[in-house]
Amino acid sequence: DGNMQLYSVEKKQQQMLEGHAGGFGNVLTADNESPSGLFAFMERKAGSLQTKLHIMDVTKPRGEGLPAPFKVQSEVAMPPEAQSDFAVALHLSEKHGVIFV
């Protein structure tokens, strides 16, 4: 089981995440916009073999009447012979617009 701490310097708030790898990067999420400040991490809840990739925009303002910031999650399949494996590194490639795990 792994844990990470996400901390906002501006808001002086922390959030604990159950996961093993994470990273930040500025990546295009739509053709007509400038790059978004994304945070991505691999989540594995305690006692579970299910792994999820979470990607979210952490720079766009939030609030009533504003469009929802970019956010997506997807299950990641581990090989059948290594179901208990977990991600140890994650990199958001700003040049190529992909995430390497």
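## Close-ups of an all-strand predicted model

**Figure 1. Charges across the whole protein.** The protein carries 9 positive and 12 negative side chains, and the centres of these two sets sit 5 Å apart. Keep in mind that this is a predicted model. Side chains of opposite charge can pair when their charged atoms come close. How many salt bridges does the structure hold? There are 3 of them, and the later views visit each in turn.

**Figure 2. The overall fold, strand by strand.** Counting elements gives 0 helices and 8 strands. Follow the sequence from start to end and the pattern reads β-β-β-β-β-β-β-β. The C-alpha trace spans about 45 × 30 × 20 Å along its principal axes. Of the 101 residues, 29% count as buried. The accessible surface adds up to about 7,200 Å², with 51% of it belonging to carbon and sulfur atoms. Now look at contacts with a separation of 6 or more: residues 24 or more positions apart account for 34% of them.

**Figure 3. How confident the predictor is.** The average pLDDT of the protein is 88, and 99% of the residues score at least 70. Which strand has the lowest mean pLDDT among the elements, and which the highest? Strand β1 (residues 4–8) has the lowest, at 89, while strand β6 (residues 71–76) has the highest, at 94. A word of caution for any model of this kind: where pLDDT is low, the predicted coordinates should not be read in detail.

**Figure 4. E18 meets K45.** Here E18 forms a salt bridge with K45, and their closest N and O atoms are 4.0 Å apart. Why does this pair tie together parts that are 27 residues apart in sequence? Because E18 lies in the loop between β2 (13–17) and β3 (19–27), whereas K45 lies in the loop between β4 (36–43) and β5 (51–57). Both ends of the bridge get a middling label: E18 counts as partly exposed, with 28% relative accessibility, and K45 counts as partly exposed too, at 43%.

**Figure 5. K45 also pairs with E43.** Stay with K45 and a second partner comes into view: K45 forms a salt bridge with E43, the closest N and O atoms being 3.3 Å apart. Is E43 buried or exposed? With a relative accessibility of 13%, E43 counts as buried, since the cut-off for buried is under 20%. K45, on the other hand, is partly exposed at 43%.

**Figure 6. K60 and D57, and a look back at the network.** In this view K60 forms a salt bridge with D57, with the closest N and O atoms 3.6 Å apart. K60 is partly exposed, with a relative accessible area of 32%. D57 is buried, and its relative accessible area is 1%. Which residues are joined into one network by salt bridges that share partners? They are E18, E43 and K45.

**Figure 7. V101, after the final strand shown here.** V101 lies in the segment after β8 (98–100). At 59% relative accessibility, V101 counts as exposed. What does V101 touch, leaving aside residues up to four places away in sequence? Its contacts are M42, A87, A89 and L90. For a sense of how sequence and space compare, take V101 and L53: they are 48 residues apart in sequence, and their C-alpha atoms are 9.6 Å apart in space.

Methods:
Residues numbered from 1 in each chain as written. Predicted model: local features only at pLDDT ≥ 70, side-chain atom pairs only at ≥ 80, totals over all residues. Heavy atoms only, no water. Helix = DSSP H or I, 4+ residues; strand = E, 2+ residues; numbered from the N terminus. Buried < 20%, exposed > 50% of the residue type's maximum accessible area, 1.4 Å probe, protein only. Contact = heavy atoms within 4.5 Å. Areas by Shrake-Rupley, 256 points an atom, 1.4 Å probe, with all protein chains shown as cover. Lys, Arg positive; Asp, Glu negative; His and termini not counted. Charge placed at Lys NZ, Arg CZ, Asp CG, Glu CD. Salt bridge = Lys/Arg side-chain N within 4 Å of Asp/Glu carboxyl O. pLDDT = per-residue confidence, 0-100.
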